[in-house]
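User: Could you take a close look at one part of this model for me? I'd like to know what the backbone and the strand pairing are doing there.

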Amino acid sequence: MKDKKGITLISLVVMIVIILILASIGTYSGIQVIQLSKLTAFTTELKIMQTQVNAIYEKNNDTEEYGEPIVGDKKTQAEKIFMELEKQTEIDKEGYRYWSNETIKNLGIEGVEQDFFVNLKKRSIVSCQGLEYEGKVYYMLSQLPNGLYNVEHAKVDETNEKPTFDVQIETIEQNKWRITVSNIKYAGYINKWKIRYKLEEENWKESENLSFIVNQQGNYKIKVLNNDIESQEKEVTV
C-alpha cells in the first residue's frame, strides 16, 4: 500500500502561527516607521519656527506685534496645553500670542503647517496641535528626549563639575551688541548647549544659538545648560 503524503493538521497550525507572527512583526514595524516619520516632521517644523522666531526678534528688536491675542476657544486650548506643560517643564505662560498658519506664511516662513502660540520677547514657541509619541504628547523642542533634538550628553557622576565658558561682546551698531559664548568646557560629552541670559532683574531669556543680540546697556547674567547640567552664572557688562 502506498504512503499517503500531505500536510498534517499540526503542520498547518504551525504554519498559520508563523504567518501570524511574521504579519504582526511587519505591522508593528510599519507603525513604528509611521510614528517616527511623524515625529521627524513635527520636530523639523518646530526647528524651522524656532529659527525664524529668533531671526524676527533680532531683526525687529521685539518692537512689533505679530499674531493675535489668545481669546475664546484658543484661550481654552492654550490653558489646557500650558497646564500639561507645567507638569513637565518650567514655563511662564504669560506673553504668548496666537500665530495661525496664515500669519506664519504671511511672514514668509515656509515648511510649517501647524499653528503656534509664540512669545516673541522670550523667543518661545509652543505647538497648538502637539504630537503624541510613545505615550507622551510633545509641544516644544525642549521636551524632546535625548537624541530627538540633537542633544546628547554623558553625565559625570563622580564629580559635581560644572561647565565653564568664555564670553565676547561685539558692537554691531549704536545701541546694538552681539554677545557670544565660546570655549565651553565640560568633562562629559555634549554636542549642543542652550544659553540663558538676563539683564539685571529681568526674566531669563533663552537662545538655542551660542550668540544673541541685545540693545540695552547694563549687567547681563549668562549661563549655559543642557537638561540638568548647568553652569554657574557669569556676569558681563555691556
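Analyst: Asparagine 183 is partly exposed, with a relative accessible area of 43%. That figure falls between the limits of 20% for buried and 50% for exposed, which is why the residue gets the in-between label. Keep in mind that this is a predicted model, so treat the numbers as computed from it.

What makes asparagine 183 worth a look is its backbone: phi is positive, at about 55°, although the residue is not a glycine. As for where it sits, asparagine 183 belongs to strand β7, which covers residues 176-185.

There is another asparagine to put beside it. Asparagine 175 also has a positive phi, near 60°, and again the residue is something other than glycine. Asparagine 175, though, is found in the loop between β6 (164-173) and β7. Is asparagine 175 buried or exposed? Neither, quite: its relative accessibility is 47%, so it counts as partly exposed.

Now for the strands around that loop. β6 and β7 pair with each other in the antiparallel sense, over 8 bridges. If you want one pair to find on screen, go to glutamine 168, which stands opposite threonine 180 in β7.

Step back a little and you get the whole sheet. It is an open one of 3 strands, in the order β6-β7-β10, with antiparallel pairing. β6 and β10 (211-214) are the edge strands, and each of them pairs on one side only. Neighbouring strands here are turned by 20° against each other on average, with direction ignored. So asparagine 183, being in β7, is part of the strand listed between β6 and β10 in that order.

For comparison, have a look at another sheet in the model. This one is open too, with 3 strands in the order β1-β2-β3 and antiparallel pairing. Its edges are β1 (97-99) and β3 (124-127); each has a single partner strand, so one side of each is left without a neighbour in the sheet. The twist there averages 30° from one strand to the next.

Within that sheet, β2 (residues 116-119) and β3 pair in the antiparallel sense over 4 bridges. A handy pair to pick out is phenylalanine 117 with its bridge partner in β3, valine 126.

Back to your close-up, then: the two spots to check are asparagine 175, in the loop between β6 and β7, and asparagine 183, in strand β7.

How values were computed
Residues numbered from 1 in each chain as written. Predicted model: local features only at pLDDT ≥ 70, side-chain atom pairs only at ≥ 80, totals over all residues. Heavy atoms only, no water. Pairing = 2+ DSSP bridges. Axes fitted to C-alpha atoms, helices over the stretch in contact; angles between N-to-C directions. Buried < 20%, exposed > 50% of the residue type's maximum accessible area, 1.4 Å probe, protein only.
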